[in-house]
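User: I'd like to learn how to read a few features of a protein model. Could you walk me through them?

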Amino acid sequence: DASQSSHLAERPILDKLRSYHVPIIICYNKIDLLQNTQAVSDDSLRRLGSDVIAISATYRDTLFQKLVPVMMRIYKGREIVLARHLPMLREPVSRKLIEDTCFINAAYSLASGLAEMNILLTVPFNVADMVVLTKNQALMAYKIALAFDLPSDWRQTIPKLTAVVGTGFLWRIIARQLVGLVPVVGVVPKVAVAYAGTYAIGQAIYRWCANNEKVSPQTLRAMYSKALVRGREVARSMLSRRRNNRQDVIAGNPISK
């Protein structure tokens, strides 16, 4: 309680938690009642090295802005487990899963697209695209479902997820990912399509898991079209970084990140 001047009663609880060697977050609650937030300065707790944040549990925004990011950071790699038990984390965890998968598929499409500049490699890489991109999309959808506490048996869950996006739309996205965009029109459209298709599928799965909402084909196409714009920006940025890294290597400079 941030409005209290002393927290001696909480100290034994904190010491016991520390004996378990688990990550600890100390939340000073009721921060909205203090005129001066600097009043939260209990060094006896801060010196223990735990993450210390100030929140107001009655204000949802402070939880999402301060508590959730810390929880996801200290439990990196176990966010899905947390989300299954803590509904508050399901939206941010799903958003991160979608964003990460979009970039993974975009990066893969960039690499395969550059290889397809050699016309002899176009067909084999298109086949690989189908396997890799759809596998990543299916895994993303499954992880979102797990975050929302759906059955962990993929044989029960995956068919339901496939029905959400509609096999017709899904296969059109795949077809566009596999079409020989390279070398005819360049790498950027291929990367943008991979990014946008993944984003649209991720959003459709999230809405169904969160609200039992099955988005219409029109809404799905609108999400896809909007994501194409972002996908093109991502593609250009990736290409630019790749050119800069190549120039650094040629010049003997450290590779830029």
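Analyst: Happy to: we'll go through charge pairs, cysteines, one helix, the nonpolar cores and some residues of another helix. Keep in mind that this is a predicted model.

User: Let's begin with charges. How many salt bridges are there?

Analyst: The general idea first: side chains of opposite charge can pair when their charged atoms come close. Here the count comes to nine salt bridges. One of them joins Arg-11 to Asp-15, with the closest N and O atoms 3.1 Å apart. Another links Lys-96 and Asp-100, where the closest N and O atoms are 2.8 Å apart.

User: Why can Arg-11 and Asp-15 be placed to pair?

Analyst: Helices help here, as an α-helix has 3.6 residues a turn, so residues three or four places apart point the same way. Arg-11 and Asp-15 both sit in helix α1 (residues 11-19), and because they are four residues apart, about one helical turn separates them. Lys-96 and Asp-100 follow this pattern in helix α5 (residues 90-115), being four residues apart and separated by about one helical turn.

User: And are the partners in those two pairs buried or exposed?

Analyst: They fall in between. Arg-11 is partly exposed at 30% relative accessible area, and Asp-15 is partly exposed at 35%. In the α5 pair, Lys-96 is partly exposed at 33% and Asp-100 is partly exposed at 32%.

User: What does Asp-153 pair with?

Analyst: Asp-153 forms a salt bridge with Arg-155, and their closest N and O atoms are 3.2 Å apart. Asp-153 is partly exposed, with a relative accessible area of 25%, whereas Arg-155 is exposed, at 59%.

User: On to cysteines. How many disulfides does the structure hold?

Analyst: A disulfide is a covalent bond between the sulfur atoms of two cysteines. In this model there are zero disulfides. As for where individual cysteines sit, Cys-102 counts as buried at 1% relative accessibility, and Cys-209 counts as buried at 14%.

User: Now a helix. How do I read the length of α3?

Analyst: Compare its end-to-end reach with the span expected from its residue count. Helix α3 (residues 60-74) has 15 residues and reaches 21 Å from its first C-alpha to its last, close to the 21 Å expected at 1.5 Å a residue.

User: Where does α3 bend?

Analyst: The bend is at Leu-67 and amounts to about 35°. A proline, Pro-69, follows within four residues. Leu-67 is also among the buried residues of α3, which include Thr-62, Leu-63, Val-68 and Met-71.

User: That leads me to the interior. Which residues of the largest nonpolar core touch the most other members?

Analyst: As background, in soluble globular proteins, nonpolar side chains tend to be buried together. The largest nonpolar core here has 55 residues, and those touching the most other members are Leu-89, Val-93, Ile-144, Ile-205, Cys-209 and Leu-220. Helices that each supply at least two residues of this core include α3, α5, α6 (122-147) and α10 (217-251). The largest share, 14 residues, comes from α9. There is also a second, separate core of eight residues, with Ala-2, Leu-14, Tyr-28 and Ala-54 among them.

User: Let's look inside α9, then. What does Thr-198 touch?

Analyst: Thr-198 lies in helix α9 (residues 187-211) and is buried, with a relative accessible area of 0%. Leaving out residues up to four places away in sequence, Thr-198 touches Thr-101, Cys-102, Asn-105, Gln-137 and Met-140.

User: Is the next residue, Tyr-199, buried, partly exposed or exposed?

Analyst: Tyr-199, in helix α9, counts as partly exposed at 28% relative accessibility. With residues up to four places away in sequence left out, Tyr-199 touches Ile-98, Cys-102, Met-223 and Ala-227. Sequence separation and spatial separation are worth reading side by side: Tyr-199 and Ile-98 are 101 residues apart in sequence and 6.3 Å apart in space, C-alpha to C-alpha.

User: What about Ile-201, buried or exposed?

Analyst: Ile-201, also placed in helix α9, counts as buried at 4% relative accessibility. Ile-201 and Met-140 are 61 residues apart along the chain, and 9.2 Å separates their C-alpha atoms.

Conventions: Residues numbered from 1 in each chain as written. Predicted model: local features only at pLDDT ≥ 70, side-chain atom pairs only at ≥ 80, totals over all residues. Heavy atoms only, no water. Salt bridge = Lys/Arg side-chain N within 4 Å of Asp/Glu carboxyl O. Buried < 20%, exposed > 50% of the residue type's maximum accessible area, 1.4 Å probe, protein only. Disulfide = S-S within 2.5 Å. Expected span 1.5 Å × (residues − 1). Bend = angle between axes of the 7 residues up to and from the residue. Contact = heavy atoms within 4.5 Å. Core = buried A, V, L, I, M, F, W, Y, C linked by side-chain atoms within 4.5 Å.
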